[in-house]
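Me: I have a structure open on my screen and would like to learn how to read it. Could you take me through it step by step?

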There are 2 protein chains.
Amino acid sequence: MEREFFAGFIKIHILYHAVHEGEICGSDIAREIATHGYNVSPGTLYPTLHRLEKMGYLRMTERVEGGRRRKYYHATPAGRKALEKARVKIKELVDEVMEGD
Amino acid sequence: MEREFFAGFIKIHILYHAVHEGEICGSDIAREIATHGYNVSPGTLYPTLHRLEKMGYLRMTERVEGGRRRKYYHATPAGRKALEKARVKIKELVDEVMEGD
DNA sequence: ATCCCGATATCGCGATACGATATCAGTATT
DNA sequence: AATACTGATATCGTATCGCGATATCGGGAT
């Protein structure tokens, strides 16, 4: 099975949402990404959240919202810094590859 | 060891160069990418070229240039189409994640 | 208690990244 | 024509990752 060209971009997407929305849970991200025409497998999403947390980029707080147990993630300072760094790098790449758009 | 956030973007980079430069060999790509502050491991580059060829996106022609045996890759129509599709997708993602740049 | 349901977690496996290492083929040197 | 040199390409080993499928978990309703 062939993997999407932009697989792995999900990490940045998640980081972005955690920084931008203040806090966000897995299903929120799944919904958000789905509205953009993608779909993230839970088998990708949740391990990625855990990884980002373990890296020290996200911190988790559990809470019950709308009758559901949810795990909200917010970005740490290290997470914000990592996002900035990633954005710079991506911009460089995009500026080259997207030439003419 | 932690993988780069934008690993896997290399495929698009390679496709882009194959389309844009007409034809390109592995070491050219390595050099090109290096000038942009990245470095691609040959253990990533060559298997990726082979994969793209197997996918039908690149075609290879062997030639001796400057006293060196080189394998030049050029994009097939399918390769061009794949690049376009990838660019659209990436643009969508970037427009969202890069908000405010 | 039991069922329902959405959120989260895990499993299994193929795909991928990538440093390290090897191979391969022209060229120059002898 | 054998050898050494050099840059290009290939492969190996291993950790990481993606992801569909499947399981679990917990709050609320019946």
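Reply: Gladly! Let's begin with an idea we need for the DNA: a residue is near a molecule or strand if one of its heavy atoms lies within 4 Å of it. Please keep in mind that this is a predicted model.

Me: Thanks. With that cut-off, how many residues surround DNA strand D, and which are the closest?

Reply: DNA strand D has 28 residues around it. The closest are S41(A), G43(A), R3(B), H50(B) and K71(B), a list that draws on chain A and chain B.

Me: Which parts of DNA strand D lie within 4 Å of the protein?

Reply: Sort the atoms of the strand that fall inside that distance: 70% of them belong to sugar or phosphate, and the rest belong to bases.

Me: What do the polar side-chain atoms of S41(A) and H50(B) lie close to?

Reply: For S41(A), a polar side-chain atom is 2.7 Å from a base nitrogen of DNA strand D. For H50(B), the partner is a phosphate oxygen of DNA strand D, at 2.7 Å. R51(A) also has a polar side-chain atom 3.3 Å from a phosphate oxygen of that strand. Looking at whole elements, those that give two or more residues to this surface are α3 (42–54) and β3 (68–75) of chain A, plus α2 (26–35), α3 (42–54) and β3 of chain B.

Me: And what classes of residue make up the surface near DNA strand D?

Reply: There are eight nonpolar, 10 polar and 10 charged residues.

Me: Now the strands, please. How do strands of a sheet pair?

Reply: Strands of a sheet pair through backbone hydrogen bonds, and they can do so in a parallel or an antiparallel way. In chain B, three strands make an open sheet with the order β1-β3-β2, and the pairing is antiparallel. β1 and β2 of chain B are at the edges with a single partner strand each, so one side of each has no neighbour in the sheet.

Me: How many bridges join these strands of chain B, and which residues face each other?

Reply: Strand β1 (residues 24–25) is joined to β3 (residues 68–75) by two bridges, and C25(B) has Y72(B) as its bridge partner in β3(B). Strand β2 (residues 58–65) pairs with β3(B) over eight bridges. Along that pair, V64(B) stands opposite R69(B), and E62(B) stands opposite K71(B). You have met K71(B) before, among the residues closest to DNA strand D.

Me: What happens at the hairpin of β2(B) and β3(B)?

Reply: Two residues lie between the strands, and G66(B) takes a positive phi near 60°.

Me: Last topic: the two protein chains. How much area do chain B and chain A bury between them?

Reply: About 3400 Å², with 64% of it on carbon and sulfur atoms. F5(B), E96(B) and V97(B) supply 23% of the area that chain B buries against chain A, more than any other three residues. The contact takes 33 residues from each of chain B and chain A.

Me: How many salt bridges and polar contacts are counted between chain B and chain A?

Reply: The salt bridge count is zero, while 12 residue pairs are in polar contact. On chain B, α1 (10–21) and α4 (77–97) each supply at least two residues to the side that touches chain A. The element giving the most is α4(B), with 10 residues. By class, that side of chain B has 17 nonpolar, six polar and 10 charged residues.

How values were computed. Residues numbered from 1 in each chain as written. Chains lettered and ligands numbered in written order. Predicted model: local features only at pLDDT ≥ 70, side-chain atom pairs only at ≥ 80, totals over all residues. Heavy atoms only, no water. Pairing = 2+ DSSP bridges. Helix = DSSP H or I, 4+ residues; strand = E, 2+ residues; numbered from the N terminus. Polar contact = N/O pair within 3.5 Å; in protein donor to acceptor, adjacent residues only side chain to side chain. Nonpolar A, V, L, I, M, F, W, Y, C, P; charged D, E, K, R; others polar. Contact = heavy atoms within 4.5 Å. Buried area = accessible area lost by both parts, 1.4 Å probe. Salt bridge = Lys/Arg side-chain N within 4 Å of Asp/Glu carboxyl O.
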